[in-house]
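Please open the structure in your viewer and keep the selection tool at hand. The tour below moves from one selection to the next and says what is there at each stop.

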Amino acid sequence: AHRCILAYRCEAFSTMFAKQHLSCDAKEDEIPFDLSDVQPDVFLAVVEFLYTNCVMLSSKIALDVLTSAVEYGLDELQRLCVDYINSTLTVESACEALQAAVTYRQTDMKDKCLAFI
């Protein structure tokens, strides 16, 4: 059931599950799915968004959640992350946020970071 929800809400998960299903002979519910490049707290935030359309962000994970949102094509999650990052900029976070804004083509976030710096 969880795979159905994830696949329905996110095209990237739908594609991943379909490819995995085609490459294995075991029952679908017995196949573990490994996302080794994502930290557990970041993945939980993405899953929270997929289930509830809301997310609880912190300064510790916001940039990583933005990265995952871009990777998985979750535009609304990207917007929520950008809004959070813009509203919590600090001297310590501004340069890293600017780098992410440029990398992920987030013009509003880039402008906010440049104005902050």
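## A walk through the helices

Begin by selecting Val42, Ala45 and Val46 in α3 together with Asp64, Val65, Ser68 and Tyr72 in α4, since these are the residues through which the two helices meet. By class, the residues of this contact divide into five nonpolar, one polar and one charged. Please keep in mind throughout that the model is predicted.

Now show α3 and α4 as whole helices, and look at how they pack, with an angle of about 55 degrees between them and their axes 9 Å apart. Angles that are neither under 35 degrees, nor over 145, nor from 65 to 115 count as oblique, and α3 and α4 are therefore oblique to each other. Their crossing is right-handed.

Stay with α4 for the next selection, and pick out Ala62, Leu63, Val65, Leu66, Ser68, Ala69 and Tyr72, which are the buried residues of this helix. Following α4 you will find Gly73, which has a positive phi, near 70 degrees.

Which residues touch the most other members of the largest nonpolar core? Select Val65, Leu74, Leu77, Ile85 and Met109, which hold that place in a core of 28 residues. The elements giving two or more residues to this core are α3 (40-52), α4 (62-72), α5 (75-87), α6 and α7, and α4 gives the most, with six residues. In soluble globular proteins, nonpolar side chains tend to be buried together.

Move next to helix α6, residues 94-103, and helix α7, residues 107-116, which pack at an angle of about 150 degrees with their axes 8 Å apart. That angle makes α6 roughly antiparallel to α7, and α6 passes α7 in a left-handed crossing. To see where they touch, select Ala94, Ala97, Leu98, Ala100, Ala101 and Val102 in α6, which meet Met109, Lys110, Cys113, Leu114 and Phe116 in α7. This contact of α6 with α7 has ten nonpolar residues, no polar ones and one charged residue.

For the last stop, select Ile117, which is found in the segment after α7. Is Ile117 buried or exposed? Ile117 is exposed, because its relative accessible area is 57%, and exposed means over 50%. Leaving aside residues up to four places away in sequence, Ile117 touches Ala94, Cys95 and Leu98. If you also select Leu89, which is 28 residues from Ile117 along the chain, you will find the C-alpha atoms of these two residues separated by 9.7 Å.

Note on methods:
Residues numbered from 1 in each chain as written. Predicted model: local features only at pLDDT ≥ 70, side-chain atom pairs only at ≥ 80, totals over all residues. Heavy atoms only, no water. Axes fitted to C-alpha atoms, helices over the stretch in contact; angles between N-to-C directions. Helix = DSSP H or I, 4+ residues; strand = E, 2+ residues; numbered from the N terminus. Left-handed = near helix turned anticlockwise from the far one by under 90°. Contact = heavy atoms within 4.5 Å. Nonpolar A, V, L, I, M, F, W, Y, C, P; charged D, E, K, R; others polar. Buried < 20%, exposed > 50% of the residue type's maximum accessible area, 1.4 Å probe, protein only. Core = buried A, V, L, I, M, F, W, Y, C linked by side-chain atoms within 4.5 Å.
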